[in-house]
Amino acid sequence: MPRTPSPATPRLPLAPPPRTRRRLRVCHECDWLVALPPLRPGERADCPRCGHTLVTRHAQPAQRSLALAMAALVALALALGFPFISFEISGVGNRIELYDTAASLVHFHQPLVAIAVMLTIAVLPALYLCSVIWLQIGLLRRHPLPLSRGIARSLVHMHPWMMADVFIVGALVSLIKIASLAAISLGVAFWAFCAFALLLLLTTLSLDRDWLWFSLTGEPLAPAGSRTGATAAEQGLSGCPTCGLVNRLDEQGNGRCRRCGEHLHARLPNSLQRTWALIIAASFMYLPANLYPIMVTTHLGEAHPSTIIGGVVQLWQMGSYPVALVIFIASVLVPVGKLLALGWLCFALRHRAGRFRMTRTRLYRLTELIGRWSMVDVFVVAILVALIRAGALMSITPGPAALAFAAVVVLTMLAAISFDPRLLWQAPRPPEKEASHA
Ligand SMILES: [Zn+2]
Ligand SMILES: [Zn+2]
């Protein structure tokens, strides 16, 4: 893997043809300005300062993304059109389709959770896949289709909220939870959804954003006087988080990308205040999420409410140790760990930002990566509520904690998004200067 030059290297030699211009990029995590080396398919360029991947090149990116996106869309259509899971207990049974997971939540007065489930597992992924297909068809015809720039810009914002893979884990946990109580059979849609989740993941990995924007609109030259081996902020520059282009900012440290139109800031405005506010809001929601039952199981006319921790203990007592561990990690360790980690990162910025910044950057990456996996428990509730409907014999209804817990997941994800990792690499400032800068 070729790496971009070390920070000590002041300048790189010019890239050989076909790219005759130096293509500059700013690392989104540490704000270091680097020149991209010429990359062959399968290679990637990492930031020499913090190791963040700047660009990944693929062979035949348009054909690859187009094929994967179309296959994923077909798999999603199959997953929506066929039976998902069915269960039977003492001759009474129920069969559900994928959209029943949201419809049942609406029936039990949990419309917000239902919207969150449908958006994350089907609506946003479908929009994302259609967008990829639209863009790549235009590029293959060598004439971008209308609205291509706006659509390409929206891809970045949709990406963190697609959770088909988390839903699969939720479905597996649900199955193990009820396997000993009822006879379960998996429908065509279950397997189609597994294929869809995998293809969606491959589509997101296949998307070469740098190549996409270069092919859509070409690349304007970097602002005059830009020099590599220094931070963008100290030169009054900023790298576009959407298309990667280096732009000059105004005196206030704001601007707009010349290529994609995205709003740019030397640092995200009020990043610390927003992150703190979201952390505090998520911490408040975490209390009802754990104190109230997340679902109520009615078995032979007797109601058994269970909290998140109660569910973990029950699974442990049933001997399902791996599932108990999955739920404990996803529903307890991850949200708490994420809140503590983000709180620590915000707190640490007030002190010597120069020390341990690589460790803090890794911690930030981890919080970004794992946050969405907490949705497992919300998906388990959605699936079980839809599936287990055998009246007094056995039925499951959602508890008030489901909404609170979904809110915790969304708020912690928003907190991670609103935290600007470039602050971790910023030289320490006196408190009053820091405040005026924010
Ligand atoms: Zn970096
Ligand atoms: Zn841009």
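Which residues make a nonpolar surface patch of about 720 Å²? In this predicted model, the patch is made by Ile309, Val313, Trp316, Tyr321, Leu325, Phe328, Ile329 and Leu333.

Let me place those on the helices. Helix H9 covers residues 308–318 and helix H10 covers 321–348, and each of the two supplies at least two residues of the patch. The most comes from H10, which gives 5 residues.

One residue of the patch deserves a word here. Tyrosine 321 is part of helix H10. Is tyrosine 321 buried or partly exposed? Its relative accessibility is 44%, so it counts as partly exposed. The range for that label runs from 20% to 50%.

Now to the other topic, a sheet. There is an open sheet of 3 strands, in the order E6-E5-E7, and the pairing is antiparallel. The edges are taken by strand E6, residues 92–96, and strand E7, residues 183–186. Each of these has a single partner strand, so one side of each is left without a neighbour in the sheet. From one strand to the next, the twist averages 15°.

As a reminder, strands of a sheet pair through backbone hydrogen bonds, either parallel or antiparallel.

How many bridges join strand E5 to E7? There are 4, with E5 spanning residues 85–89 and the two strands running antiparallel. For a specific pair to find on the screen, take serine 86: its bridge partner in E7 is serine 185.

To recap, we have looked at a nonpolar surface patch with residues from H9 and H10, and at an open sheet of 3 strands.

How values were computed. Residues numbered from 1 in each chain as written. Chains lettered and ligands numbered in written order. Predicted model: local features only at pLDDT ≥ 70, side-chain atom pairs only at ≥ 80, totals over all residues. Heavy atoms only, no water. Pairing = 2+ DSSP bridges. Axes fitted to C-alpha atoms, helices over the stretch in contact; angles between N-to-C directions. Patch = residues over 30% accessible without salt bridge, like charges linked within 9 Å, V, L, I, M, F, W, Y side chains within 5 Å. Areas by Shrake-Rupley, 256 points an atom, 1.4 Å probe, with all protein chains shown as cover. Salt bridge = Lys/Arg side-chain N within 4 Å of Asp/Glu carboxyl O. Buried < 20%, exposed > 50% of the residue type's maximum accessible area, 1.4 Å probe, protein only.
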